[in-house]
Amino acid sequence: VTGLVVAMDGPSGSGKSSASRGVARALGLRYLDTGAMYRAITWWVLRQGIALDDPAAIAARAAEPVLTMGTDPDAPSVAVDGTDVAGPIRTAEVTAAVSAVSAVPEVRRRLVAEQREIIGTGGIVVEGRDIGTVVAPGAPVKIYLTASADARAARRTAELTGTTVEAQKAAMARRDTLDSTRKTDPLAMADDAVELDTTPLNLDEVIAEVLRVIKEKV
Ligand code: C5P
């Protein structure tokens, strides 16, 4: 599995992050959270006071922040200009803003190039929205995780405080619609991806299923 690339795509709350980390851990691979990269740029955009409804301004400055990604599945990390932002990128403020920033083509062009550089010669599990379709279309293993809207909202609500399943459901539906209808690299399942509905599965079962697919494919 030295040069293996596993592409893990799907909507928010489908269980991508936990499953991707578990699979990387089980196989001794690196792990890249591309959503964290879009969140990190978004955190920086908000901090700069750049208006979210001004894509030209976001595009003009998209190259400025320096991102550093740590790919250890046991301790993934993300820094902007040397500052650890692992906590701040998970706030409701960043989550509500990220789809607007990630829709800007210049942001995507930059991050896709960096993601390909990190993937390098492989040995990595990469999670996101466009990994199997755009970032690593040649990946030998592509998984598309789904789950019912109720299951996804319930999982996300359990991770957060001060929110309800109904509020989460609405927020996630909004983000998924923005992510799958944007012009550049929308959320989509690759033709050669294996779709896995995680609604009835617990984390260990999802990991086992992904490992089974990998074994079958490589
Ligand atoms: O996976 P996560 O929920 O952290 O992703 C945050 C946001 O980053 C997504 O809602 C989407 O707008 C964007 N994203 C993307 N392409 C990726 C990964 C994430 O556009 N490959």
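Start your tour by selecting β3, β4 and β5: they form an open sheet of 3 strands in the order β3-β4-β5, with antiparallel pairing. As you look around, keep in mind that this is a predicted model.

**Stop 1: the three-stranded sheet**

Colour residues 67-70 and 83-84 next. These are β3 and β5, the edge strands, and each of them pairs on one side only. Now bring in β4, residues 77-80, and follow its pairing with β3: the two strands run antiparallel and are joined by 4 bridges. For one pair to click on, pick threonine 68, whose bridge partner in β4 is alanine 79. With this pair in view, show α2 as well. This helix packs on the sheet, where it touches β3 and β4, and its direction makes about 30° with that of β4.

**Stop 2: the five-stranded sheet**

Move on to the other strands and select β2, β6, β1, β7 and β8. In that order, β2-β6-β1-β7-β8, they make an open sheet of 5 strands with parallel pairing. Which strands stand at the edges? They are β2 (30-33) and β8 (194-197); each has a single partner strand, so one side of each is left without a neighbour in the sheet. Turn the view to look across the strands: neighbouring ones are turned by 20° against each other on average, direction ignored.

Zoom in on β1 (residues 5-9) and β6 (residues 124-128), which run parallel and are joined by 5 bridges. Here you can pick out methionine 8, which stands opposite glutamate 127 in β6. Then add two helices that pack on this sheet. One is α1, which touches β1, β2, β6 and β7 (141-146), with its direction at about 175° to that of β6. The other is α2, which touches β2 and β6 and whose direction makes about 50° with that of β6. You have met α2 before, packed on the three-stranded sheet against β3 and β4.

**Stop 3: α2 against α4**

Keep α2 on screen and add α4. The two helices pack at an angle of about 100°, with their axes 8 Å apart. That angle makes α2 roughly perpendicular to α4. To see the contact, show side chains for Tyr38, Arg39, Ile41, Thr42, Trp43, Val45 and Leu46 on α2, and for Glu93, Val94, Ala97, Val98, Val101 and Ser102 on α4. Coloured by type, these residues divide into 9 nonpolar, 2 polar and 2 charged.

**Stop 4: around the ligand**

Two residues from that contact, Tyr38 and Ser102, lead on to the ligand. How many residues surround the ligand? There are 13, and the closest are Gly35, Tyr38, Ser102, Gly128 and Arg129. The elements that give two or more residues to this shell are α2 (34-48), α4 (92-102) and α8 (165-181). The largest share, 4 residues, comes from α2. Try colouring the shell by residue type: you will find 2 nonpolar, 6 polar and 5 charged residues.

**Stop 5: α8 and its partner α7**

From the ligand, follow α8 to helix α7, residues 149-159. These helices pack at about 115°, and their axes are 8 Å apart. That makes α7 roughly perpendicular to α8, and their crossing is right-handed. Select Ala149, Arg152, Ala153, Ala154, Arg156 and Thr157 in α7, which meet Val165, Gln168, Lys169, Met172 and Ala173 in α8. The residues of this contact divide into 6 nonpolar, 2 polar and 3 charged.

**Stop 6: α1 and α9**

Finish by returning to α1, residues 16-27, and adding α9, residues 203-217. Their axes come within 9 Å and cross at roughly 55°. The two helices are therefore oblique to each other. As at the previous stop, look for the hand of the crossing: α1 passes α9 in a right-handed one. Ser18, Ala19, Gly22, Val23 and Ala26 of α1 make the contact together with Leu203, Val206, Ile207, Val210 and Leu211 of α9. What kinds of residues make up the contact of α1 with α9? They divide into 8 nonpolar and 2 polar, with no charged residues.

Notes:
Residues numbered from 1 in each chain as written. Predicted model: local features only at pLDDT ≥ 70, side-chain atom pairs only at ≥ 80, totals over all residues. Near = placed C-beta within 6 Å. Nonpolar A, V, L, I, M, F, W, Y, C, P; charged D, E, K, R; others polar. Axes fitted to C-alpha atoms, helices over the stretch in contact; angles between N-to-C directions. Parallel < 35°, antiparallel > 145°, perpendicular 65-115°, else oblique. Left-handed = near helix turned anticlockwise from the far one by under 90°. Contact = placed C-beta atoms within 7 Å. Pairing = 2+ DSSP bridges.
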